[in-house]
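Here are my notes for you, as numbered points, to read alongside the model. I hope they help as you find your way around it.

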Amino acid sequence: MLDTSTPLVEMTDISIAFGGIRAVDRASISLHRGEVVGLLGHNGAGKSTLIKILSGAYRRDAGEIRINGETATINNPRDAKAYGIETIYQQLAVADNVDAAANLFLGREITTALGTLDDAAMESKAREVMGRLNPNFRRFKEPVKALSGGQRQSVAIARAILFNARILIMDEPTAALGPQETAQVGELIKQLKADGIGIFLISHDIHDVFDLADRVVVMKNGQVVGQAKTSDVTKDEVLGMIIMGKVPPGATPGPGAIRD
Amino acid sequence: MAEQHAMTTPAHPSSFAQSPLQRFLSATEVDTRLLGMIGALAIIWVGFNIFSGGLFLTPRNLWNLSVQTASVAVMVTGMVLVIVTRNIDLSVGSILGLVGMVMGVMQTQILPVQLGLGLGHPMIWILSLLIGIAVGVGIGALQGTIIAYLKVPAFIVTLGGYLVWRGAAWWVTAGRTVAPMDSTFQLMGGGPFGSIGALWSWVVAVIACAAIIIGLYFGRRQRRRFNFPQRPVWAEITLALIGCGATIGAVAVANAYPWPVRIAQNFANANGIAVPEGGLFVSHGIAIPVLIAVGVGVAMTFLTTRTRFGRYVYAMGGNPEAAELAGINTRWVTVKIFMLMGALCAIAAAISTARLNAATNALGTLDELYVIAAAVIGGTSLAGGVGTVAGALLGALVMQSLQSGMVLMGIDSPLQSIVVGIVLVFAVWLDTLYRRNKY
C-alpha cells in the first residue's frame with residue numbers, strides 16, 4: 001500500500017495462540033527490497049512472536065506467508081534460511097571463545113578436498129565480507145570475546161549476509177551497545193539497505209529504530225495498531241500508538257487501532 | 001609475482017612490537033601460556049634434579065617418566081574435549097579398570113581357550129585390544145546418550161558410571177587378578193622389549209622432523225596464497241630448529257638408556273653376540289606406550305583443530321545456544337565425545353595392563369582425578385570452551401614429574417598427595433590471573 005511493487009515478504013492475517021492466549025491475532029505485515037521496517041511495541045505485544053514465525057522458530061496457527069509473491073512453507077529455521085531469511089539475536093549470536101572466521105562459518109564450514117577445515121579460505125572470505133561491512137575490523141585471529149560489542153555485532157551481521165540473506169531480522173540490535181557502536185550498526189544497516197536487503201528491526205524502544213527505519217509497524221496485545229512512514233509521523237505520535245493504541249492522521253490504522 | 005606479494009601483503013603484527021622478547025613471541029606466534037608451562041616444567045625438573053642429588057635428569061628416570069605418563073596422557077586428550085563442552089567424566093578410571101579386565105580375560109581365557117586359538121596366537125593381542133576398544137566405545141555411547149538425550153548432568157551420569165563400571169570390573173572375574181598377559185600384548189606396556197630400539201627411534205625422529213618442516217612450509221604457502229601476513233623467515237627457522245631440536249633431544253635421551261646388564265647378557269647369549277668388555281650396550285629407544293601416547297596426541301590435536309567435529313566442540317563449549325542455532329547437532333556431538341573418551345580409556349587400559357602384566361581390580365583407581373587434574377593444570381577451563389590437547393599433555397607430564405620426583409627424594413606418600421593437591425589449586429589460580437590479564 002506504501003509501495004506498489006511485489007513485496008519481498010508479505011505476512012497476512014497471521015495468528016498464533018499459546019494455551020488459549022492469542023499471542024498474535026490476525027497480524028499483517030510486509031517488507032520491500034531495500035526497506036527497513038521497525039517493528040515496535042511493548043514487551044509482550046507479540047512482535048517477537050510474529051517475527052519468530054517468519055524465522056521458523058514457531059509455527060503459525062493461521063495466516064499466510066508470501067516471499068516474493070509466492071506462498072512459502074516455513075516450518076523450522078532451516079526452511080527460513082533456504083528462503084534467504086537470516087536472524088540476528090543480540091545475545092545468542094556468537095560463540096565467543098573462537099575467532100571471527102570460525103563464527104561466520106559455524107555449521108557451514110569450508111572444507112578442503114580431504115574433509116579438513118580450510119581455515120585460510122574461511123579467513124579470506126571473512127576478511128572480504130568484514131572489509132565490506134566494517135573496514136576497521138582487523139582482529140581476525142582473536143576470540144570474539146576480545147572484541148567490542150559493536151564489532152561482535154558486525155560479526156553476527158556478517159554471518160547473516162555471508163550466505164546471501166535477502167531478508168534480515170534483527171532483534172534489539174543495539175540494546176547492549178554504547179552510542180558509538182550504535183552509530184556503527186546504523187551505518188551497517190544503511191549499507192545493507194543499499195544492497196537491496198530487506199530488514200526488520202525489532203525493538204521496544206522507539207529511539208533505537210526511528211532514525212533508521214523507513215516505516216514503522218506498531219503492535220499491541222498481539223494486534224497491529226497501525227503503520228506509518230517515518231517521514232509522515234513524529235516520534236511522539238508513534239509513542240502514542242505504542243502506549244495507547246491511538247493512530248495519528250499520518251498513519252494507516254490496523255485491526256488493533258482504537259476506534260472512536 | 002613475488003614482488004607484488006611483497007607490496008600487497010599486510011605487515012605481520014611482529015613488526016610493530018617493541019622489545020626483542022615481545023617481538024620474538026609475536027613473530028613466532030607461540031602460545032605464551034604453553035611456554036609458561038614448559039618453563040614451569042623445566043623448573044620442576046631442575047629443582048628435583050638438584051634436591052635428589054642428580055637422580056632426576058638421567059636417561060633412566062626420564063625414560064621411566066615418559067612410560068609412567070603414557071596412560072594418563074592418552075586419557076587426558078579426551079578429557080579436554082569433555083571439559084571444553086562443559087561436561088566432566090568421573091568414570092574414566094573405572095572404565096579403564098573394567099576394560100582392562102575384559103581385555104585380560106579375552107587374552108588369557110576366551111580367545112586362546114574357549115575359542116581355541118591357543119596361547120601365543122599372533123592375533124590375540126589385536127583382537128583383545130579391538131574388543132576392549134569396542135567395550136569402551138559402547139560404555140561411552142551409553143553414558144553420552146544419557147547425558148545428551150535424557151539431559152541428566154554429566155557429573156551424575158559419570159559418578160554413577162564410576163561405581164557401576166568399577167563394580168562390573170569386579171564382576172568379570174569375581175575379583176580375581178588376571179595374569180600373565182599375551183607376550184605381544186605386553187609390548188604395549190614398555191620395558192626393554194616394549195621399546196623400538198635406537199635405529200627405529202632415529203627413524204621416528206627423522207619422520208617427525210620432516211613433518212614439522214613440511215607443516216611449517218605448507219602453513220606458510222597457504223598464508224601466501226591468501227595474501228595474509230606471514231611470520232618473518234627467521235621466526236619460521238627458529239620454530240623449525242626448536243621443534244626438531246626437541247625431537248632429536250628426546251630421542252637421544254631415550255637411546256642413552258641401556259637395557260639392564262642381565263637382560264642384555266641373556267639377549268647376547270640367546271643370539272650368539274659377543275659381549276664386549278664392560279657389558280653389551282643395547283638402547284631402549286622410545287617405549288611403545290610413549291609412541292602410542294604421542295600418536296594419540298597428534299591425532300587428537302588434528303581432530304580438535306582441523307576438523308568440523310573439533311570446531312563444533314569448541315563452539316558448543318563457548319556458547320551452546322549459538323551452536324544449536326547455527327544448526328549443529330549438539331547432542332550427537334556430545335555422544336561422539338563420550339564415545340571417543342571410552343575408546344581412549346580402552347587404549348590407556350591396554351597400556352596399564354600390559355605394563356603391569358596383569359589386570360587387577362584396583363587398576364585405574366583415582367585415575368579420573370589425575371586425568372581431570374592434568375587437563376586443568378594444562379589450561380582446560382571448567383567453565384568450558386577453553387583448552388588444548390598439547391596443554392593437557394604437558395599437564396599430565398607435570399603431574400607425573402611431581403610424583404616421580406618426590407618418590408626419588410624419598411618423600412612419604414601422604415605428603416606427596418598434599419603437594420600435588422596444593423600444586424593443582426596453585427596452577428589454576430595462576431591460570432585465572434593469566435586469563436584476567438589477557439582479556
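1. Let me begin with a helix pair in chain B: H5(B) crosses H7(B) in a left-handed sense. Please keep in mind throughout that this is a predicted model. H5(B) covers residues 92-114 and H7(B) covers residues 154-173, and the two pack at an angle of about 20° with 7 Å between their axes. An angle under 35 degrees counts as roughly parallel, and therefore H5(B) is roughly parallel to H7(B).

2. Which residues make that contact? From H5(B) come B:Ser94, B:Ile95, B:Gly97, B:Leu98, B:Met101, B:Val102 and B:Val105. They meet B:Gly161, B:Tyr162, B:Trp165, B:Arg166, B:Ala168, B:Ala169, B:Val172 and B:Thr173 of H7(B). Sorted by character, the residues of this contact are 10 nonpolar, four polar and one charged.

3. A second pair in chain B is worth viewing next. H4(B) also passes H11(B) in a left-handed crossing. Their axes lie 8 Å apart, and the packing angle is about 20°, so H4(B) and H11(B) are roughly parallel to each other.

4. On the H4(B) side of this second contact you will find B:Ser66, B:Val67, B:Ala70, B:Ala73, B:Val74, B:Thr77 and B:Leu81. Facing them in H11(B) are B:Pro289, B:Val290, B:Ile292, B:Ala293, B:Val296, B:Gly297, B:Met300 and B:Thr304. The residues of the contact of H4(B) with H11(B) comprise 11 nonpolar, four polar and no charged.

5. Now for the domains of chain B. The assignment gives domain 1 as 56-192 + 287-368 + 381-394, and domain 2 as 196-283. Taken over C-alpha atoms, the centres of these two domains of chain B are 27 Å apart. Seven residues from domain 1 of chain B and seven residues from domain 2 of chain B take part in the contact between them.

6. The helix pair of points 3 and 4 returns at this boundary. H4(B), residues 59-84, and H11(B), residues 288-306, each supply at least two residues of the side of domain 1 of chain B that touches domain 2 of chain B. H4(B) has the largest share of that side, with four residues. By character, the residues on this side of domain 1 of chain B are six nonpolar, no polar and one charged.

7. Stepping back to chain B as a whole, you will count 17 helices and zero strands. Its radius of gyration is 23 Å, close to the 22 Å that the globule rule gives for 439 residues, so chain B is as compact as a globular protein of that length. Along the principal axes, the C-alpha atoms of chain B fill a box of roughly 70 × 65 × 45 Å.

8. What does chain A contain in the way of helices and strands? Chain A has eight helices and 11 strands. A compact globule of 260 residues would have a radius of gyration near 18 Å, and the 19 Å of chain A agrees with this. The box filled by the C-alpha atoms of chain A, taken along the principal axes, is roughly 65 × 40 × 35 Å.

9. Chain A is likewise divided, with domain 1 at 1-84 + 167-260 and domain 2 at 92-165. Between the centres of these domains of chain A, taken over C-alpha atoms, there are 28 Å. Their contact brings together 14 residues of domain 1 of chain A and 11 residues of domain 2 of chain A.

10. On the domain 1 side of that contact in chain A, strand E7 (167-171) and helix H6 (179-194) each supply at least two residues. H6(A) provides the largest share, six residues. This side of domain 1 of chain A divides into nine nonpolar, four polar and one charged.

11. Finally, how many residues does each chain bring to the contact between chains A and B? Chain B gives 24 residues and chain A gives 19 residues. On the side of chain B that touches chain A, the elements giving two or more residues are H8 (197-225), H12 (308-318) and H13 (320-325) of chain B. H12(B) gives the most, with six residues. The residues on this side of chain B are 11 nonpolar, seven polar and six charged.

Terms used
Residues are numbered from 1 along each chain as its sequence is written. Chains are lettered from A and ligands numbered from 1 in the order in which they are written. This is a predicted model: local features need pLDDT of at least 70, side-chain atom pairs count only at pLDDT 80 or more; totals for chains, interfaces and linings use all residues. Two residues are in contact if their C-beta atoms, placed from the backbone, lie within 7 Å. Ala, Val, Leu, Ile, Met, Phe, Trp, Tyr, Cys and Pro count as nonpolar, Asp, Glu, Lys and Arg as charged, and the others, Gly among them, as polar. Domain bounds come from an automatic or database domain assignment. Axes are lines fitted to C-alpha atoms, for helices over the stretch in contact, and angles run from 0 to 180 degrees between N-to-C directions. Angles under 35 degrees count as roughly parallel, over 145 as roughly antiparallel, 65 to 115 as roughly perpendicular and the rest as oblique. A crossing is left-handed if the near helix is turned anticlockwise from the far one by less than a right angle, and right-handed if clockwise. The radius of gyration is taken over C-alpha atoms; the globule rule is 2.2 Å times the number of residues to the power 0.38.
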